[in-house]
Amino acid sequence: MKKRIVVLTMAVLFGLSAVACGSEGGSSSGGTDTSAESSSSGSSDSGTVANKDKPLVWFNRQPSNSSTGELDMAALSFNDDTYYVGFDANQGAELQGTMVKDYIEANIDTIDRNGDGVIGYVLAIGDIGHNDSIARTRGVRKALGTGVEKDGSIDSEPIGTNTDGSASAVQDGSIEVNGKTYTVRELASQEMKNSAGATWDAATAGNAIGTWSSSFGDQIDVVVSNNDGMGMSMFNAWSKDNEVPTFGYDANNDAVAAIAEGYGGTISQHADVQAYLTLRVLRNALDGVDVDTGIGTADEAGNVLSDDVYVYNEEERSYYALNVAVIAENYQDFTDSTKVYEPVSNELDESSHPTKKVWLDIYNASDNFLSSTYQPLLQNYDDLMNLDIDYIGGDGQTESNITNRLGNPGQYDAFAINMVKTDNAASYTALLSQ
Ligand code: BGC
């Protein structure tokens, strides 16, 4: 009973600050604990709140139609405590494209390795049905002038090989530096999917650069990848030895370290902020306080995010971290991608934020970004927020491999879901609605 009063008092306190900053009201699930006893898991709510009413956060793969990109609002508003946490894909994609273009311009005297006047690049595509991957492909093509409009936006289809410039999904671009015009050509691009169906597959990218370099290696002046996992695989397999600048995305530790050895650059998607937000929206709902607590509004421990690191889109029920380019000039500031973000690194007091049990899956346990950056960050934050998390690692191929391990949702107070395919939110919400 005492605990309940504390929770409700917090709710009132934070509810008031929420009204003051104009954001949404508190949650339905946190303040409704009427059970006198805690379950063996250390949670107090799981016996009384229906699974369908428990806090739910989607992260990294936004519920959406994988062909059109349209958001799946049914999944994003499954209940009052449902959110998505990701990053601003378009802002990041633009940064990625600009980073590559700036590099080419700054190194124009040496970049055209065979001196044919054509700056050739190859592109590793992660998952043709993933919004982040689509945005990055478009961002690169836009900045380099190789994009072709299709249905109102830049075509993001892979082209296979295009050494002669005849592909229709891209065009030759041009860059003018010091009064001289250079042609820019996407020589090849391919979705890096392995035979078992896993996307963003680093090994497939390593093989692809082997194939590409053996048939037209002297034409490849730049290697671009939708992420660092694939980028580093290509760098290690070929471009490092051949001194060909290679660009990725994610700012994983190994990629940032490789900048000292010629990796061209990467983009930090502020995973430290995303991992915090992923758990914080659950924590707030479980505490029955306003969702903005410890996010835009400082909590009692002093945790708060400034608006230069994230945006919240209320209509989309989505938090998006902002991206930063990591290049030779600033990479020293990004050498540990698993470090918690200092402004939100204060521990929450257990008496007012009692331990809760969370089910969380990583769709592909061998994804470089998720396993080497995102999950370690989640594990650093879960203690600070008193969340007892079961981490489930998927095979990256089938949803059932993960949903099979959500057999008893009643055991948990909240859920954090990373889907294999962005279309498949209903496979999870169906289990919570039963
Ligand atoms: C990351 C990729 C990762 C993918 C998984 C993206 O945001 O940049 O590295 O493979 O998420 O869904």
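**Pockets, a cavity and a ligand**

Modeller: Helix H5 provides five residues to the lining of the largest pocket, the largest share, in what is a predicted model.

Colleague: What makes a residue part of the lining of the largest pocket, and which residues lie nearest its centre?

Modeller: A lining residue needs an atom within 4 Å of a grid point of the pocket, and 26 residues line the largest pocket, with Thr68, Gly69, Asn131, Ile134 and Arg138 nearest its centre. Besides helix H5 (131-144), the elements that give two or more residues to this lining are strand S2 (82-87), helix H3 (89-106) and strand S5 (153-154). The space in this pocket comes to about 680 Å³, and its lining divides into nine nonpolar, nine polar and eight charged residues.

Colleague: How much space lies in the second largest pocket, and which residues are closest to its centre?

Modeller: The second largest pocket holds about 380 Å³ of space, and among the 19 residues that line it, Asp272, Asp333, Phe334, Asp336 and Lys339 are the closest to its centre. Helix H9 (271-287) and helix H10 (368-384) are the elements that give two or more residues to that lining, which by class consists of seven nonpolar, six polar and six charged residues.

Colleague: Why is the space taken by the ligand called a cavity?

Modeller: A cavity is a set of grid points where a 1.4 Å probe fits but cannot get out, whereas a pocket is an open set. The search is made over the protein atoms alone, and the space that the ligand takes turns out to be the largest cavity, so this space is closed to the probe and is not called a pocket.

Colleague: How many cavities does the search find, and what lines the largest cavity?

Modeller: The whole structure has three cavities of 30 Å³ or more, and the largest cavity, with about 100 Å³ of space, is lined by 13 residues, of which Asn60, His130, Trp200, Asp367 and Phe369 lie nearest its centre. The elements that give two or more residues to this lining are H5 and H10, and its classes are four nonpolar, four polar and five charged residues.

Colleague: Which residues are closest to the ligand itself?

Modeller: The ligand is surrounded by 13 residues, the closest being Asn60, Arg136, Asn227, Asp250 and Asp367, and this shell has four nonpolar, four polar and five charged residues.

Colleague: What makes the approach of the Asp367 side chain to the ligand a polar contact?

Modeller: The cut-off for a pair of N or O atoms is 3.5 Å, and an oxygen atom of the ligand lies 2.5 Å from an N or O atom in the side chain of Asp367, so this pair counts as a polar contact. By the same cut-off, the side chain of Asp132, with an N or O atom 3.2 Å from a ligand oxygen atom, qualifies, and so does the side chain of His130 at 3.3 Å.

Colleague: How much of the ligand's accessible area does the protein cover?

Modeller: On its own the ligand has 310 Å² of accessible area, and the protein covers 100% of this.

Conventions: Residues numbered from 1 in each chain as written. Predicted model: local features only at pLDDT ≥ 70, side-chain atom pairs only at ≥ 80, totals over all residues. Heavy atoms only, no water. Near = heavy atom within 4 Å. Polar contact = N/O pair within 3.5 Å; in protein donor to acceptor, adjacent residues only side chain to side chain. Areas by Shrake-Rupley, 256 points an atom, 1.4 Å probe, with all protein chains shown as cover. 1 Å grid on protein atoms, 1.4 Å probe; cavity = no way out; pocket = protein on both sides within 12 Å on 5 of 7 lines; lining within 4 Å. Sits in = over half its atoms within 2 Å of the grid points. Nonpolar A, V, L, I, M, F, W, Y, C, P; charged D, E, K, R; others polar. Points joined across faces, edges and corners; volume = space filled by probe spheres on them. Helix = DSSP H or I, 4+ residues; strand = E, 2+ residues; numbered from the N terminus.
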